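Colleague: I should like to learn how the features of a protein model are read, beginning with its sheets. Could you guide me through them in turn?

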Amino acid sequence: MPVESVFDRLELLLPLVSKPIQYVGGELNSQVKDWDVAGDATVRWALMYPDAYEVGLPNQGVMILYEVLNERPDALAERTYAVWPDMEKLMRENAVPQFTVDGHRPVGAFDVLGMSFSTELGYTNMLTALDLAGIPLLAKDRDESHPIVLAGGHAAFNPEPIADFLDAAVVGDGEQAVLTMTDVITAWKSEGRPGGREELLLRLANTGGIYVPRFYDVDYLPDGRIQRVAPNRPGVPYRVHKHTVMDLDEWPYPKQPLVPLAESVHERMSVEIFRGCTRGCRFCQAGMITRPVRERSLQGIGQMVEKGLAATGFEEVGLLSLSSADHSEIGDLAKQLADRYEGTNTGLSLPSTRVDAFNIDLANELSRNGRRSGLTFAPEGGSERIRKVINKMVTEDDLVRTVSAAYGNGWRQVKLYFMCGLPTETDEDVLQIAELAKRVIATGREVSGSRDIRCTVSIGGFVPKPHTPFQWAAQEHHEVVDARLAKLRDAIRSDRRYAKAIGFRYHDGKPGAIEGLLSRGDRRVGRVIRAVWEDGGRFDGWSEHFSYERWERCADQALADEPVDLGWYTTREREFTEVLPWDHIDSGLDKDWLWEDWQDAVTGVEVEDCRWTPCFDCGVCPQMGTEIQVGPTGRQLLPLTVSRPTGVPVG
C-alpha cells in the first residue's frame, strides 16, 4: 500500500519556523520513486545525515548511497535530516512525524533508517529522529513494523556507545554494503518474512560485514574494564570486517549531484579523486580506517567532472580526498582539467594541502579559471618535536619555504591548522605556533614587498580515536587545553608587529572532552547519551547548542552505580592488554602494529609513507588481498578539447 505524504500537515508549519526551505525538498537531481516500485519486495531506505540540512545535503556519503540505491529497480531511497528545535516543537504539537524531504513520507514506514555519522556529536540528534518517527529508542523494544536502524560512517568503527539504539552497523565503504543488505532484505521479504525481525537481523549478521549488537554480549571486570565481547548466537562472527571498494572507477558516484535549495556549507560539485591514505599521521582515524589507497583514474575523474558540471551548473569543482595533492597524477590532472575548462569560469579547489605536497605550478593550475582564494595548510603541531610524535614530517623550514613561494606568487591569505592537547604536548609546543605564525608573516612581507599579508591560525582540540596508534592515549583535560590556548592567544596578540596580521580561531576544550567520551566509550555510555537527550540535548556539534555542564551532570548520574566516570573514559591511558570496546570491529589494521606505532610516537620515531617505501606490515593489504595503488598511469584525460558545460545555473 502506498504511504501518503505528510506535506499537507507540514506545510502549515513552514511559515512558523526558521529556514523553512530546508524542509521542502525538490532539489535539482532529487528523486521520488513509486512506493511499490517492485511490489511487496521493494526495499525502502530512509538515509539520514543527523545534522541540519545545510550540513547534511552536501555530504558525499549520503549522496552516493542515495544514487546507488535508487538505480536499483527493486529499491528506493529518500533523505531525511535533523530538524531544528523550533520545528521539532511544532511537529510534536501537531503530530507530524519525522519525514523525508523527497516524498515527505514518514520515516517510520521505511524498511531501513540508515544514519551516516562522521562525528559522534550527532548521537542526540539520532534519538530525536527516532522519537519523532515513532520508533522505540531501544532496539530490543522494536518489532517487525519498525525500520532496521543502521549506523555507518567513520563513527561506526566504534558503535558501542549507541549499541542499545542500533539494530545494525556497517563499517567501511557503503556502496557495496547497502546493495548486499538490499539483497538480503529482498530475499527475506520474497520468502514471506520467515522468522520475523530476528531472522532478518541474523541473516544480515551472517554476511560477516554487518554488526548486529544484540548478538554480542559484553562482560566487565570489577574495575570497569571490558573482560570480553563475544557472540551469543551460532554462526555470528567474532569479528566484523569492514567493506572496501577496490576499483573506484566502477563506482563513479554521484553522477547527478544534488543542488541545494537553501544555503549549504559547500556550494560546489565534488569528486573524490582517491580514497585512503598511507601518510601514517597517528592522530588521523580517517587515514587509518580507509586504507589501502585506491586512486580514481584521470579518465574516471574527467568523466565525473564533465557529467557533474552538466548536471548541476556549479562553477567550482572540489577534488576531494584525505590528501588530494598526494594523487600520483595530481599535476597532470589539474593542468588537463584547467585546459579543458579554459574560459568557462569553472574553478578547481583542493581541501587543505600538505606542506610537502604543495607546489606553485599546481596552485596556479587550480586557480587558473576561478578566483584565487586563500591557501590552507595543516602542520597540525606547533613544534618539530610534537610533529615527530604525530608523524607529521614537516619542518618549520619546509612550511616557511612553501608559504614564501605562495606569497611571492601573489597569494595574500594563508590558513594554518593546528591541534592542541596532543600526546606528550607541553605549553612550549603550543607557544611555538605563535612563533611560527610570526615567521610566516615576516617572510610573506619580505617576499611580496607588501604589508597586506594575512595568516589565520585555526586550532582544534585533539581527541584520541579508535583504530589509531593514539587509541590508548590519555586525552588532555579540557582545562589544560583551554589554558594553553589562552597563553597562545596572548602570545599572538602581545606582539604589535604581527598581531593584526594573524587571525586566531579556536574551539575550547569542552566539546572535545565529550567527543572523547563518545568516541572511546562502551555500551554503558548509551545511558549518558539518552539522559542528555531527555534533558534537552540537541545539535551538540553546534557551539550555541552544546552544554558541557549538561553532559557532565548526566554522566555523573547515569554512571553513578558503575566503577567508571567521564574521566575514566577520557583522561585515562590504556594498557595494551586491555580489551577495547571496538576490538571486535576489524578495520584491517593489526593491533600489534598500532601498539608499536604508539610506542614509536612516545619516543618521537617517524615512519615513512608506505606508498613509496617498503611495507610496514600494518595488516591491511594482505587482509584485503590487494597492493597499494601507486601510479602514475601515464594516461590522459579524454577528450582534451575545451568543454563549456551547459547545465542549469545555480541561482
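**Reading sheets, helix pairs and unusual backbone**

Modeller: In this predicted model, one open sheet consists of 3 strands in the order S10-S13-S14, and the pairing is parallel. The general idea is that strands of a sheet pair through backbone hydrogen bonds, either parallel or antiparallel.

Colleague: Which strands stand at the edges of this sheet?

Modeller: Strand S10 (269-272) and strand S14 (347-349) do; each has a single partner strand, so one side of each is left without a neighbour in the sheet. From one strand to the next, the twist averages 25°.

Colleague: How many bridges join S13 to S14?

Modeller: Strand S13 (residues 316-320) is joined to S14 by 3 bridges, and the two run parallel. As a point of reference on the display, Gly318 stands opposite Ser349 in S14.

Colleague: Let us turn to the other sheet. What is the order of its strands?

Modeller: This open sheet has 4 strands in the order S15-S16-S17-S18, with parallel pairing. Its edge strands are S15 and strand S18 (502-506), each of which pairs on one side only. Direction ignored, neighbouring strands of this sheet are turned by 20° against each other on average.

Colleague: How should I follow the pairing across this sheet, strand by strand?

Modeller: Begin with strand S15 (residues 375-380), which is joined to strand S16 (residues 413-420) by 4 bridges, the two running parallel. Within this pair, Thr376 has Lys415 in S16 as its bridge partner. Next, 8 bridges join S16 to strand S17 (residues 454-461), again with the strands running parallel. Here Cys420 has Gly461 in S17 as its bridge partner. Finally, S17 and S18 pair in the parallel sense over 5 bridges, and the bridge partner of Cys455 in S18 is Ile502.

Colleague: Where does H14 pack on this sheet?

Modeller: H14 touches S16, S17 and S18, and its direction makes about 160° with that of S17. In addition, S16, H14 and S17 make a right-handed β-α-β unit.

Colleague: I would now like to read pairs of helices. What describes two packed helices?

Modeller: Two packed helices are described by the angle between their axes and the distance between the axes. Take helix H14 (residues 427-448) and helix H15 (residues 478-493): their axes come within 9 Å and cross at roughly 25°. An angle under 35 degrees counts as roughly parallel, and H14 and H15 are therefore roughly parallel to each other. Their crossing is right-handed.

Colleague: Which residues make the contact between H14 and H15?

Modeller: On the H14 side they are Asp427, Val430, Leu431, Ile433, Ala434 and Lys438, and on the H15 side Arg484, Lys487, Leu488, Ala491 and Ile492. By class, this contact of H14 with H15 comprises 7 nonpolar, no polar and 4 charged residues.

Colleague: At what angle do H10 and H11 pack?

Modeller: Helix H10 (residues 330-340) and helix H11 (residues 360-367) pack at an angle of about 30°, and their axes are 8 Å apart. H10 and H11 are therefore roughly parallel to each other. The crossing of H10 and H11 is left-handed, whereas that of H14 and H15 is right-handed.

Colleague: Which residues of H10 and H11 meet?

Modeller: Ile330, Ala334, Lys335 and Ala338 of H10 meet Leu362, Glu365 and Leu366 of H11. The contact of H10 with H11 has 5 nonpolar, no polar and 2 charged residues.

Colleague: My remaining topic is the backbone itself. Which residues does a cis peptide bond join?

Modeller: One such bond joins Tyr253 and Pro254, with omega of about -5°. Pro254 is found in the loop between strand S9 (240-241) and S10. A cis peptide bond also joins Arg291 and Pro292, where omega is about 0°. Pro292 is found in the loop between helix H8 (285-289) and strand S12 (294-295).

Colleague: Which residue has a positive phi although it is not a glycine?

Modeller: That residue is Phe539, whose phi is about 45°. Phe539 lies in the loop between helix H17 (525-534) and helix H18 (548-558).

Definitions and conventions
Residues are numbered from 1 along each chain as its sequence is written. This is a predicted model: local features need pLDDT of at least 70, side-chain atom pairs count only at pLDDT 80 or more; totals for chains, interfaces and linings use all residues. Side-chain values use heavy atoms; hydrogens and water are left out. Axes are lines fitted to C-alpha atoms, for helices over the stretch in contact, and angles run from 0 to 180 degrees between N-to-C directions. Angles under 35 degrees count as roughly parallel, over 145 as roughly antiparallel, 65 to 115 as roughly perpendicular and the rest as oblique. A crossing is left-handed if the near helix is turned anticlockwise from the far one by less than a right angle, and right-handed if clockwise. Contact means heavy atoms within 4.5 Å. Ala, Val, Leu, Ile, Met, Phe, Trp, Tyr, Cys and Pro count as nonpolar, Asp, Glu, Lys and Arg as charged, and the others, Gly among them, as polar. Two strands pair if DSSP finds at least two bridges between them. A crossover is right-handed if, with the strands pointing away from the viewer, the path from the first strand over the helix to the second runs clockwise.
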